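Hello,

I am passing on the structure we talked about, with some notes on what turned up in it. Please have a look at it first, then read on below.

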Amino acid sequence: MKLKIALLAGDGIGPEVIEQAVKVSDAIAKKFNHEISWHPALTGAAAIDAVGDPYPQETHDICASSDAVLFGAIGHPRFDNDPSAKVRPEQGLLKMRKELGLFANVRPTFTFPSLIDKSPLKRERIEGTDLVFLRELTGGIYFGKKGREDNGNTAYDHCVYSRKEVQRLAKKGFEMAMSRGKKLCCVDKANVLETSRLWRETVQAMEKDYPEVEVSYEFVDAVAMRLVQWPNSYDVLITENLFGDILTDEASVISGSMGLMPSASVGADVSLFEPIHGSYPQATGKNIANPLATVLSAAMMFETGFGLHDEGAAIREVVNKSLDAGIVTEDLADGGKSYGTTQVGDWLAENV
Ligand code: IPM
Ligand code: MN
């Protein structure tokens, strides 16, 4: 298969982890006889510095004309500490999600047998966890009208959802539940928020089309608690943009490290694959960042992006092998022997 992949390394550790995912993908391509052409493009703070725009038109054109986008991370402390900055790296990510129509963010949470004791949560709580969040990605408070009033002394961010936006996300949730454990949890705050009441009403109306799926409705505050108490009671969870952002960071604790969790953003046409972690500025350039979340995002790209299941499985297999063999970055080493980002990448590529 000929695969054209847009490569958006972004900021911070983005370029370092992306480099490892490229090595592993190239090794997979060689093994399975595919031809990958990588198309690097600017995004984030790097793009602001180069052309003054965190998601330039040229980058959009490259993404839109590719078969998939592999993305590193976005964000720079220079902007985090300057709330008055007019152009921010994160705007690039949001613009990219919106313009590419990536309305559903698929964030799986699972445990790795050899890392089960690395999680701060007790083994018996997390063993067998295999859940997936479907986070709505192009609506809600992230994209509503925002601004200041009263000479800058009052600020607002509107949270807006349309029934259509909820339906298309929920449809993916029901379908995913059908292909897995047939359980769907709609996470909302319907006791307080009108948008949440629309979510609940919309999902309730869809239940009859999926009689086999057992649907539950839970408030987001309760889910925040249950997620770390009984994570293995969940299968598919659907939720709005902000709740999904927060809960998926929380869920990454189950696996033992945020450096392990991949994601796929899907929607209209081209799909994007990215680790759920951020740009981790403290680690930038130190060759210590864990590349596995990005490598596993590449596995999702082969599987869900291209329908190449053996290729995706081969990546996951080699990742498990590296964990078993202790070829890990310092976040997983427990003070023991650890390897650099590039060493882990080389080991994975060689062992594919
Ligand atoms: C994520 C990130 C982004 C988000 C930031 C960088 C804008 O935290 O992908 O989860 O909030 O969506
Ligand atoms: Mn986040």
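Let me start with a charge over a ring: the charged end of K98 sits over the ring of F143, 4.7 Å from its centre. The term applies if NZ of Lys or CZ of Arg is within 6 Å of the ring centre and within 35 degrees of the ring normal. K337 does likewise with Y339, its charged end lying over that ring at 4.6 Å from the centre.

Before more, some housekeeping. This is a predicted model, in which local features need pLDDT of at least 70 and side-chain atom pairs count only at pLDDT 80 or more, while totals for chains, interfaces and linings use all residues. Residues are numbered from 1 along each chain as its sequence is written, chains are lettered from A and ligands numbered from 1 in the order in which they are written, and side-chain values use heavy atoms, leaving out hydrogens and water.

Now the interior. The largest nonpolar core (buried Ala, Val, Leu, Ile, Met, Phe, Trp, Tyr and Cys residues joined through side-chain atoms within 4.5 Å) has 64 residues, and F112, F302 and V319 touch the most other members. Buried means under 20% relative accessible area, exposed over 50%, and partly exposed in between, with a 1.4 Å probe and protein chains only. Helix α11 (residues 292-305) gives this core its largest share, eight residues; helices (H or I, at least four residues) and strands (E, at least two) are DSSP runs numbered from the N terminus. Apart from this core lies another of 16 residues, including V223 and F243.

V223 also belongs to helix α9 (residues 220-229), where the buried residues are V220, V223 and L227. Seen down the α9 axis, they fall within an arc of 45 degrees, so they line one face of the helix; the arc is that of the directions from the helix axis to the C-beta atoms.

Next, the aromatic pairs: the whole structure holds four. Rings of Phe, Tyr and Trp (its six-membered ring) pair if their centres lie within 6.5 Å, and planes under 30 degrees apart count as stacked, over 60 as edge-to-face and the rest as tilted. Y161 and W199 have ring centres 5.3 Å apart and planes at 90 degrees, so this pair is edge-to-face. The two are 38 residues apart, with W199 in helix α8 (residues 194-206), and both are buried.

Happy browsing, and best wishes!
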